[in-house]
Amino acid sequence: MQEVRQRAAPLVRLVRRHREPVVLQALRSAAAASIAYVVALRLSPEALPLTAPLTALLVVQVTLYATLTNGVRRVTAVVAGVVVAIVFSLLVGLTWWSLGLLIVASLGVGHLVRVDEYVPEVAISAMLVLGVTTVGDTAWARVVETLIGAVVGLGCNLLLPPPVWVEEAGESIEGLARRLRQLMLRIGEEAAGRTPAEQAAARLHEARRLDHDIVGVDAALRQAEESLRLNPRVREGLLHRVVLRTGLDTLEICTVVLRVLARSLTDLAKEREPHPLFPPATGEVVEQVLSELADAVVSFAVLVTTHVSLNADAAESRLTAELRQAATTRDKLAQLLLEQLQHDARQWQLHGAVLTEVNRILDELDTEHRSRRLLEELDRNSHEQRERRPWLYRLRQRLRTPRRLREKRAEARRRAG
C-alpha cells in the first residue's frame, strides 16, 4: 500500500499543480496564443501572422477585468500606430530623421488616446508598418491580426474563466498576522524581565520593517480584488473585496499601534535601565495581555479570510472569546499600573501609553467595530457605483425586484400556513 502511494505521489502533485492559478494562467495564455495563430493563418494575408498570437498573449491577463481593459487599449494602440505609419509613408517615407519624428509622433499620439502602458506599442506598430514596402496590405494585416488576437483573448477568458486570487491574498493576510503575532510574543516576553535599551530598540526596528510586509500583502490583495471583478465564477465579489480590504486595514492599524507600543517600551527601557521595565507581577500581566492579543490577531485574520459560514461563525466565536479574555487581563493590568503609580509616579506617561496602545488594539479587533466598518464600506461602494454608473444600478434593481417579490410571497405563504 505504501509503495502504491509513493508511485501515485507524482501524479497527485501534478493534479494539484494544474489547479494552481499560475499553472492555469500559463495554460490559458498558451491556448489563446495558439488559437489566435490558427485563426490568423486563415484570415490574414501575412504568411506568418505573429501579431495575432502576440496580441492574444498580452490580452489574456491575470484577471478578466484587466483583460477587457487591456484588450481595448492594446487594439487602440496598434490602430493608432498603423494610422501614424500610413500618414508618414504618404508624406516623407522612411529615413533616419523621419524615423525619429515617427517615434516622437507615435508616443505623443499614444498619450493622447490614453492607452497607458501600451504607449510604446503605438511606436512599435508604426515602425513595423513603415518598415515594409506594401504599406496598405501590411497595415490592414496588422489591424486584422490585432483584432483576431484581442477577440480570441477575450473569448478564452469567457470560456475559460481566469483564476481567482482570493486564496493567495488570504494566505498573505494570515502570514502578516502570524508575523505580527510572533513580534507581540517576543515583546511581551522581554517586557516581563529586564530589557536592555538596545534589545527594545531592535524590536522597534522589527515593528517598522512590518511596513514592507504590508506593501507585499497589499499588492496581493489588489490582484485578488481585480480577479473578483467581472468574473463569472464569483458571486458577491463586492462583499469578498470589502471583507479582505477592511481586514488588511485593521491589521495595518494594529501594526502601527504595535510600532508605537514598541517605541514606548524602548523609551521606558532607557529611563529604567538597569532596572526591569515593570515590577515582576506587572511584567507577567503585560506578557499575558500581549500573548492574548497576539492570538486574537491571528483569529481575526482567519475570520476575514474564511468564506464558509459555519467556519466563519466558529472563527468569530473564538475571536470574541479571546478578546473578552484580553479585556479582562487589560483591566487587571490597569489596576496594577494604578497601584504602582500611587507608590512611584516616575514614567507614568510611558506606563499610560502602554495601556493606551493595548486598548487601541482591542478596539480595532472588536467584532462590533468590524461589523460597522463592513456596513460603512458596503454603503460607500454601493453609493459610488450608483453615482458612477446609474444605468447599471437601475438594471440590477430591476433584475432583483422579481426575486424579492417571490421571497416576500413565499414568506407570506409561510406565515399564512
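Here is a short conversation about how three helices pack in this predicted model.

Local features need pLDDT of at least 70 and side-chain atom pairs count only at pLDDT 80 or more, while totals for chains, interfaces and linings use all residues. Residues are numbered from 1 along each chain as its sequence is written, and side-chain values use heavy atoms, leaving out hydrogens and water.

Reader: Roughly parallel or roughly antiparallel: how does α11 run relative to α13?
Author: Good place to start! The axes of α11 (residues 280–304) and α13 (residues 348–365) come within 11 Å and cross at roughly 25°. Axes are lines fitted to C-alpha atoms, for helices over the stretch in contact, with angles from 0 to 180 degrees between N-to-C directions. Angles under 35 degrees count as roughly parallel and over 145 as roughly antiparallel, so α11 is to α13 roughly parallel.

Reader: How many nonpolar, polar and charged residues are in the contact of α11 with α13?
Author: Contact means heavy atoms within 4.5 Å. From α11 come Val 289, Leu 293, Ala 296, Val 297 and Phe 300, which meet Val 358, Ile 361, Leu 362 and Leu 365 in α13. Ala, Val, Leu, Ile, Met, Phe, Trp, Tyr, Cys and Pro count as nonpolar, Asp, Glu, Lys and Arg as charged, and the others, Gly among them, as polar. The split is no charged, no polar and 9 nonpolar.

Reader: And roughly parallel or roughly antiparallel: how does α8 lie against α11?
Author: Happy to look there too. Helix α8 (residues 166–191) packs on α11 with the axes 8 Å apart, at an angle of about 175°. That angle makes the pair roughly antiparallel.

Methods: Helix = DSSP H or I, 4+ residues; strand = E, 2+ residues; numbered from the N terminus. Parallel < 35°, antiparallel > 145°, perpendicular 65-115°, else oblique.
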